Amino acid sequence: MKIFDATAVNSTALDPQRIQRRTVWVLSAAQLLSGIGSGASLSVGSLLAVQLSGSNAWAGSVTTTMTLGAAAAALPLAGLAGRRGRRTSLVTGLLAAMAGALLVIVSTVTLNFPVLLAAAALLGLGTAANLQARFAAVDLAAPEHRGRSLAIVVWAVTIGAVAGPNLIRPGAIVGEALGLPALAGPFVFSAAGLAMAALLLLFGLRPDPLLLAARLRSGSPAEAGAKGTSAARRQHGLRHGLRAIKASPRARLALLAVIAAHGCMAAVMSMTPLHLQLLTEGPLAGMPDGHAHAASTDVLVLIGFTISLHIAGMYALSPVMGWLTDKTGRLTVILLGHGLILVSVLVAGFGQSQPVLVTVGLVLLGLGWSAATIAGSTLLAESVGADDRVLVQGVSDTMMGVAGAVGAGFSGLVMSGVGYQGLNLAAAAVALAVLAAAVGAAARDRSAPAPA
């Protein structure tokens, strides 16, 4: 089965199927390389924030700033893709993130906390680019192969993101060999991975999948460019997207499920490295210059292992969550996802004194996030009109970023006030609220009269 009309294909002297296969593998390799950067940042970001600021209250600031950077960049990068293609947009995001990784190294050498926050914002552009890469994988895909193409790219993210935290020990060795602080070492790998990913996309993502798809549909490069520009403009209609979501009760529930899951995940995950460090070694503060002492390599390995398992929970079983969403229904998997989040934060909160239970809780948290995000995103797409779908998905990604930033930003203050257990109980309250809303929606569906 051909993806496009044979006449259009012959007119361009290109084979879209062959280009699609190459596109998926190029994107997957780039995602693997760039995922190393995000994994390292999640593992040591809170420790760096405390070490450079001298206060536990700032522990969530790196994750918050990264998430805000990703949220702020999502729609502009989509607009850039509409005007110039996926390659330009993705390479721009990854090069910005590479600059951010290098700036993290500068911040650790100079002990400059504001520089660390600026670096985190740039790293957020890499996160936004990685999210957009999922859609680039289906630009040229046949309808029956879109899920498979997207899943391959998601799996590639998993490999890179899980490997990233486990590079902490090798990174520390490399950092010391280069005369850098131990916590700066992993970002040497991050910068290298991001640079290689950007080069791979720059030279390998040719022809550009989004521009080629538009040209094959329209048969005219000029018309394709006009359509791309129009689509880019629509991407910035935040008000229109919010109105479309507000008009549909199911879309509102779907958005609630997605942003609540992301907020809970970001809040608990961003504070777990600090909690494990405090649990095993005590407070970081205490150096005469007002900065905190560095955590030991053994603790960094424990943190890296825990976060890598959490990230594996987030992404490794995503095809299973998609299958369950199709087989059992969207609301069922939303209930499953937030049920897992509820169990996870109770396990981590009440088991806070045992690293093993904290790790189990983080794995369950990742699985709950995966189920709620996949089912919620699917329900959201089905609950709005086709003309609004892409815009609504962009709005959802932006609001997910804001929710993650709020969760990570307030998590340090909450943990300082009520401890790690209190932070987890706050996340439990959010999960319970979503469960109540989903149960109510399921009850309304059962009570609704069957169609004639």
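In this predicted model, Pro207 sits in the loop that links α8 (185-204) to α9 (209-218). The peptide bond leading into Pro207 from Arg206 is cis. Its omega is near -5 degrees. Most peptide bonds are trans, and most residues other than glycine have a negative phi.

A second loop holds an unusual backbone angle. Leu111 lies between α4 (86-110) and α5 (113-136). Leu111 is not a glycine, yet its phi is positive, at about 55 degrees. The relative accessibility of Leu111 is 33%, so Leu111 counts as partly exposed. A positive phi also occurs at Gly329, just after α14. There the angle is about 110 degrees.

Helix α14 itself spans residues 318-328. Its buried residues are Ser318, Met321, Gly322 and Thr325. These residues cover an arc of only 100 degrees around the axis, and therefore lie on the same side of α14. An α-helix has 3.6 residues a turn, so residues three or four places apart point the same way. The other side of α14 carries Trp323 and Lys327, and both are exposed.

A nonpolar patch appears on the surface. Val402, Val406, Phe410 and Leu413 make up this patch, with an area of about 370 Å². Val402 belongs to helix α17, which covers residues 389-447. Patch members must have over 30% relative accessible area. Val402 has 39%, so this residue passes the cut-off while counting as partly exposed.

How values were computed:
Residues are numbered from 1 along each chain as its sequence is written. This is a predicted model: local features need pLDDT of at least 70, side-chain atom pairs count only at pLDDT 80 or more; totals for chains, interfaces and linings use all residues. Side-chain values use heavy atoms; hydrogens and water are left out. Helices (H or I, at least four residues) and strands (E, at least two) are DSSP runs, numbered from the N terminus. Buried means under 20% relative accessible area, exposed over 50%, partly exposed in between (1.4 Å probe, protein chains only). Patches are made of residues with over 30% relative accessible area and no salt bridge: like charges are joined within 9 Å, nonpolar side chains (Val, Leu, Ile, Met, Phe, Trp, Tyr) within 5 Å. Accessible areas come from the Shrake-Rupley method with a 1.4 Å probe; for residues, only the protein chains shown count as cover. A salt bridge is a side-chain nitrogen of Lys or Arg within 4 Å of a carboxyl oxygen of Asp or Glu. The arc is that of the directions from the helix axis to the C-beta atoms.
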